[in-house]
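Student: I have a structure on my screen and I want to learn how to read it. Can we go feature by feature?

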Amino acid sequence: MKYSIGIDIGGTKVAAGIVNEYGNLIQQVKVSSDPTNKETMFAKVVQCVEQLLDHSSIPKHEIYGIGAGVPGKVDRERGIAVYQNNLPWDNFPFMERLQKAIGIDKIAIDNDVYMAAFAEWKKAEMANQELLVYITISTGISCSIIQDGEFIRGAGFAGELGLIPVYSKLNSEALQRLENAASGPAMQLQARKIYADDQVITKDIFANYLIGDEEAQQLIEEMVFVLTQGVYIVSSLLDPHKIVFGGSVVTHNPWLLELIKVKLQTYLLAEQIHILENMEISKLNNHQGIIGAGLRACVLT
């Protein structure tokens, strides 16, 4: 049996886990991020991995490699974290530093959403010619595309769904980036304005919506409206066989997907309707980032 470590790195937390070659997550550890500077942030990654190894039932010498998902743009060949909007790692030599810190040579680095998408593609067991899109809705919004078992990367920054302009009725500017209209932090900011309360947090919006609160209903309706624009663009450009949704916002509030489907149906042509039966929420319990990174490490040569 081949074992690896998968690391999912974000602006608020770092999660690492032991993953076997079949994609089973054996155990995991989480620590809070510290993006004060590049060294404090890297120290958190090392701390997380060391804690995992200290408590692991799999000895270190049986760990085949490490896979790490990093936000933003990544140079996979050189192992460099090129750019992130929530971490201080501009052109940071992540792979080299981690090899020295942990003492494991085989390391794969990629964008965090790509790592998660790889886990979803494995889970879906799709035919090679089929196209899968994984969309994450969390502190940010992004997507990854896999066809013929390969990522569609473009020049290296493909999948930044959160950057596309959408029409928003609640914003003073008619067009704004999807991420600035419907991500978790964006929803929180809108809610604090509407409720005139700086203590409101994102999960309050969804709780209030479910009890019929008028302001929350307005916020969720707008969120569904702008998210559907993004999903329709994906559907029209790629005509995917399957779309899987992940990220804390949608996995904690799965009923959102049904609202998106209802709205999306009003846009779709007959030739596009098939996607409604092939949109689903991830079944990997928000572990897809760790699992995908671990699986990528297992196939390193």
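Tutor: Let's start with a charged pair. In this predicted model, the side chains of Glu-280 and Lys-283 meet in a salt bridge, with N and O 3.4 Å apart.

Student: What is the general idea behind such a pair?

Tutor: Side chains of opposite charge can pair when their charged atoms come close. Here Glu-280 is partly exposed, at a relative accessible area of 25%. Lys-283 counts as exposed, at 54%.

Student: How many salt bridges does a search of the whole structure find?

Tutor: The search finds 8. One of them joins Arg-153 to Asp-110, whose closest N and O atoms are 2.6 Å apart. This pair links distant parts of the chain. Arg-153 sits in the loop between E10 and strand E11 (165-167), while Asp-110 is in strand E7, and 43 residues separate the two.

Student: Are Arg-153 and Asp-110 buried or exposed?

Tutor: The cut-off for buried is under 20% relative accessible area. Arg-153 counts as buried because its value is 18%. Asp-110 is buried too, at 2%. Now look for shared partners. Asp-110, Arg-153 and Arg-296 are joined into one network by salt bridges.

Student: Which salt bridge lies within a helix?

Tutor: Try Lys-261 and Glu-258. Both lie in helix H9, 3 residues apart, which is about one turn of the helix. Their closest N and O atoms are 3.8 Å apart. Lys-261 counts as buried at 17%, and Glu-258 as partly exposed at 47%.

Student: Now the sheets. How do I read one?

Tutor: Strands of a sheet pair through backbone hydrogen bonds, either parallel or antiparallel. Then trace the order of the strands. One open sheet here has 5 strands in the order E3-E2-E1-E4-E7, with mixed pairing.

Student: Which strands stand at the edges of that sheet, and why do they count as edges?

Tutor: They are strand E3 (25-32) and strand E7 (107-111). Each has a single partner strand, so one side of each has no neighbour in the sheet. On average, neighbouring strands of this sheet are turned by 15 degrees against each other, direction ignored.

Student: What does the mixed pairing look like up close?

Tutor: Take one pair of each kind. Strand E2 (residues 13-20) runs antiparallel to E3, and 7 bridges join them. Within that pairing, Val-29 in E3 is the bridge partner of Ala-16. E4 and E7 instead pair in the parallel sense, over 5 bridges. There, Ala-68 has Ile-109 in E7 as its bridge partner.

Student: Is the edge strand E7 enclosed or open to the outside?

Tutor: Count its buried residues. They are 5 of 5, so E7 is largely enclosed by the rest of the structure.

Student: Which helix lies across E1, E2, E3, E4 and E7?

Tutor: That is helix H10 (residues 288-298), which runs at about 135 degrees to E1. Zoom in on Gly-6, in strand E1. Gly-6 is buried, with a relative accessible area of 0%. Beyond its neighbours within four places in sequence, its contacts include Ala-16, Gly-67, Ile-290 and Gly-294. Gly-6 and Gln-288 are 282 residues apart in sequence, yet their C-alpha atoms are 9.8 Å apart.

Student: What is the strand order in the other open sheet of 5 strands?

Tutor: The order is E10-E9-E8-E13-E14, again with mixed pairing. Strand E10 (150-151) and strand E14 (279-281) are its edges, each pairing on one side only. Strand E8 (residues 131-137) and strand E13 (residues 242-246) run parallel, joined by 5 bridges. Val-133 stands opposite Ile-243 in E13. Helix H3 lies across E8, E9, E10 and E13, at about 50 degrees to E9.

Student: What about backbone angles?

Tutor: Most residues other than glycine have a negative phi, and most peptide bonds are trans. Asp-239 has a positive phi of about 45 degrees. Its place is the loop between helix H7 (214-238) and E13. Asn-285 has a positive phi as well, of about 55 degrees. Asn-285 is in the loop between E14 and H10, and counts as exposed at 60%.

Student: Last one. Which residues form a nonpolar patch on the surface?

Tutor: They are Tyr-83, Phe-157 and Leu-163, with about 270 Å² of accessible area together. Tyr-83 belongs to strand E6 (residues 80-83) and is partly exposed, at 41%.

Definitions and conventions
Residues numbered from 1 in each chain as written. Predicted model: local features only at pLDDT ≥ 70, side-chain atom pairs only at ≥ 80, totals over all residues. Heavy atoms only, no water. Patch = residues over 30% accessible without salt bridge, like charges linked within 9 Å, V, L, I, M, F, W, Y side chains within 5 Å. Areas by Shrake-Rupley, 256 points an atom, 1.4 Å probe, with all protein chains shown as cover. Salt bridge = Lys/Arg side-chain N within 4 Å of Asp/Glu carboxyl O. Helix = DSSP H or I, 4+ residues; strand = E, 2+ residues; numbered from the N terminus. Buried < 20%, exposed > 50% of the residue type's maximum accessible area, 1.4 Å probe, protein only. Pairing = 2+ DSSP bridges. Axes fitted to C-alpha atoms, helices over the stretch in contact; angles between N-to-C directions. Contact = heavy atoms within 4.5 Å.
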